[in-house]
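Me: I'd like to understand how the labels used for a protein model are earned. Could you go through some of them with me?

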Amino acid sequence: MGVPDQLADRMSMAEQHEYLRSRFSRRTMMRGGAVTLGAVVGGAFVPGATARAAVPTRSTAPSAQKVDGRLVAPFGRHLAYGNDPRTEMTVSWQVPVAVDKPFLRIGAHPWDLSHRIGAEVRTLYTPAGVGASADHTQYYVHAKLAGLKPGRTYYYGVGHAGFDPAEPHLLGTLGTFTTAPAHKAPFTFTAFGDQGVSYHGLANDALILGQNPAFHLHAGDIAYADPSGAGKTADTGFDARTWDQFLAQTESVAKSVPWMVSYGNHDMEAWYSPNGYGGEEARFTLPDNGPDKKNLPGVYSFVHGNTAIISLDPNDVSFEIPANLGISGGTQTKWFETQLKKYRAAKDIDFVVVFFHHCAYCTSTAHASEGGVRQEWVPLFEKYQVDLVINGHNHQYERTDVIKGDTVTKKLPIGGTAYPETEGVVYVTAGAAGRSLYAFTAPDSYEGHEHEVDAVASFVNTKDGKVNETVAWSRVRYLNYSFLRVDVTPAPKGHYTTLTVQGIAETGDRIDHFTVARRAK
């Protein structure tokens with residue numbers, strides 16, 4: 001039901017969207033060839049509907065007959081910070097069928113919850129003919145909270161008519177979250193990319209929960225409902241139901257830890273909206289302080305303690321997978337530099353961490369390095385002394401030496417310390433969260449099993465295609481499932497504050513560790 005292959009190969013995602021809009025008649029849509037994202041809004045603490053219609057825009061999802069709410073339990077709870085993590089949090093969840101009057105309760109104690117706070121429902125309908133599934137309607141519910149107190153732990157419950165989490169027999173369904181502190185304090189966060197649904201993904205989640213992170217960063221390729229990942233309606237194997245499995249899998253962590261996502265190539269689900277992010281906008285509520293909410297909903301920033309986190313969308317600059325290449329018209333890079341200037345000038349922010357999907361520096365035999373990222377953003381990483389860059393895309397763990405100007409400025413052995421103010425930037429690929437693994441051209445080299453190689457054969461994706469290169473910056477390589485743990489330790493003004501970065505294997509073993517240090521403001 002998509003764009004013919006011979007046309008799709010020559011068309012951008014937006015062009016495919018317009019093609020489909022012009023091709024589908026109302027009669028065709030009635031037969032189920034359309035994909036629609038609708039929104040129903042209600043209650044306090046919730047802004048107006050932001051969900052946008054998918055392709056084609058005139059269709060609506062079939063009306064759903066509501067069932068007895070006593071027979072339906074919410075699932076797939078996931079949290080996200082608002083623009084100010086000290087005072088704002090969004091609680092999101094899913095219900096398997098349409099329900100009446102969804103709501104949230106919140107309080108400082110499980111026995112003292114608030115009145116019902118109305119929630120927003122975003123309904124995502126995927127009919128037969130789109131991908132591998134039959135007609136499927138998904139109901140995503142969001143409650144955006146503001147006016148919270150910094151550094152406070154809250155209890156919350158989600159429900160609907162007939163299912164009230166304040167009832168004694170449902171208290172076991174309550175969750176908790178903790179807002180960011182008002183001042184500098186030690187904290188831990190975790191990160192990875194490319195998870196999907198698998199035993200390995202579940203195992204990594206269990207280990208991550210044990211790290212007690214303040215938040216988690218998911219650097220793109222979230223659920224893999226679209227396994228092809230080209231961002232085209234011709235992609236095969238798409239199954240919207242994969243998201244149901246993914247959100248159920250991650251709930252053990254995401255119901256208490258803000259799960260902050262950025263978007264990768266497998267998250268461009270071309271059937272939803274011109275940029276392919278209509279489905280993501282139904283499922284997630286992210287900070288809306290980015291440059292272009294319409295085209296780049298996964299671009300945003302937030303501050304936790306002394307650390308600023310910036311999420312970018314490399315689909316906008318990717319030469320390798322160009323479905324959304326140039327979609328921002330350069331506004332993303334301009335916004336990014338403005339954010340870097342602001343954070344470097346802020347008196348309370350010491351570290352700047354950037355996460356996104358495609359790698360600036362990686363030696364994987366699958367995707368290796370993205371020339372668009374090197375061209376657009378690496379000069380800004382270096383100019384503003386970004387402290388750590390976290391990527392996915394390549395399904396393995398790899399960590400560079402300290403890099404500036406595409407060359408190694410300092411070897412960074414396991415256990416070493418980097419000083420970004422004077423030396424350069426360290427890049428970590430943490431893309432082994434659960435999907436099938438890729439390969440290296442050089443042998444593994446990780447903590448306790450070091451095999452140093454100073455010349456590694458690789459390539460970079462450019463606007464003219466793949467260009468081979470031999471690199472000296474690949475310091476740690478580990479080809480198995482893993483994730484990243486980062487411990488942030490503030491310090492008095494003038495003393496060294498640190499990021500202690502560890503690669504943790506699915507087995508629980510440490511495969512890498514290093515420190516990033518800079519003088520505290």
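Me: Why is Glu280 called buried or exposed?
Reply: Buried means under 20% relative accessible area, exposed over 50%, and partly exposed in between (1.4 Å probe, protein chains only). Glu280 has 0% relative accessibility, so it counts as buried. Arg283, also at 0%, is therefore buried too. Keep in mind that this is a predicted model, where local features need pLDDT of at least 70, side-chain atom pairs count only at pLDDT 80 or more, and totals for chains, interfaces and linings use all residues. Residues are numbered from 1 along each chain as its sequence is written, and side-chain values use heavy atoms, with hydrogens and water left out.

Me: What makes Glu280 and Arg283 a salt bridge?
Reply: The rule asks for a side-chain nitrogen of Lys or Arg within 4 Å of a carboxyl oxygen of Asp or Glu. Here the N to O distance is 3.3 Å, and the pair meets the rule. Both residues sit in helix H6 (residues 278-283), 3 residues apart, about one turn of the helix. Helices (H or I, at least four residues) and strands (E, at least two) are DSSP runs, numbered from the N terminus.

Me: Which residues form salt bridges with Arg518?
Reply: Asp387 is one of them, at 2.7 Å from N to O. Arg518 lies in strand E28 (residues 510-519) and Asp387 in the loop between helix H9 (378-383) and E17, so this pair ties together parts that are 131 residues apart in sequence. Glu421 also forms a salt bridge with Arg518, with the closest N and O atoms 3.8 Å apart. That pair links parts of the chain 97 residues apart.

Me: How do you know whether Glu421 and Arg518 are buried, partly exposed or exposed?
Reply: Compare each value with the cut-offs. Glu421 has a relative accessible area of 36%, so it is partly exposed. Arg518 has 5%, so it is buried.

Me: Why is strand E15 described as largely enclosed?
Reply: In E15 (residues 351-355), 5 of the 5 residues are buried, so the rest of the structure largely encloses this strand. Phe351, Val353 and Phe355 are on one side, with Val352 and Val354 on the other.

Me: What makes E14 and E15 a pair?
Reply: Two strands pair if DSSP finds at least two bridges between them. Strand E14 (residues 307-311) and E15 run parallel and are joined by 5 bridges, and that meets the rule. Ile309 stands opposite Val353 in E15.
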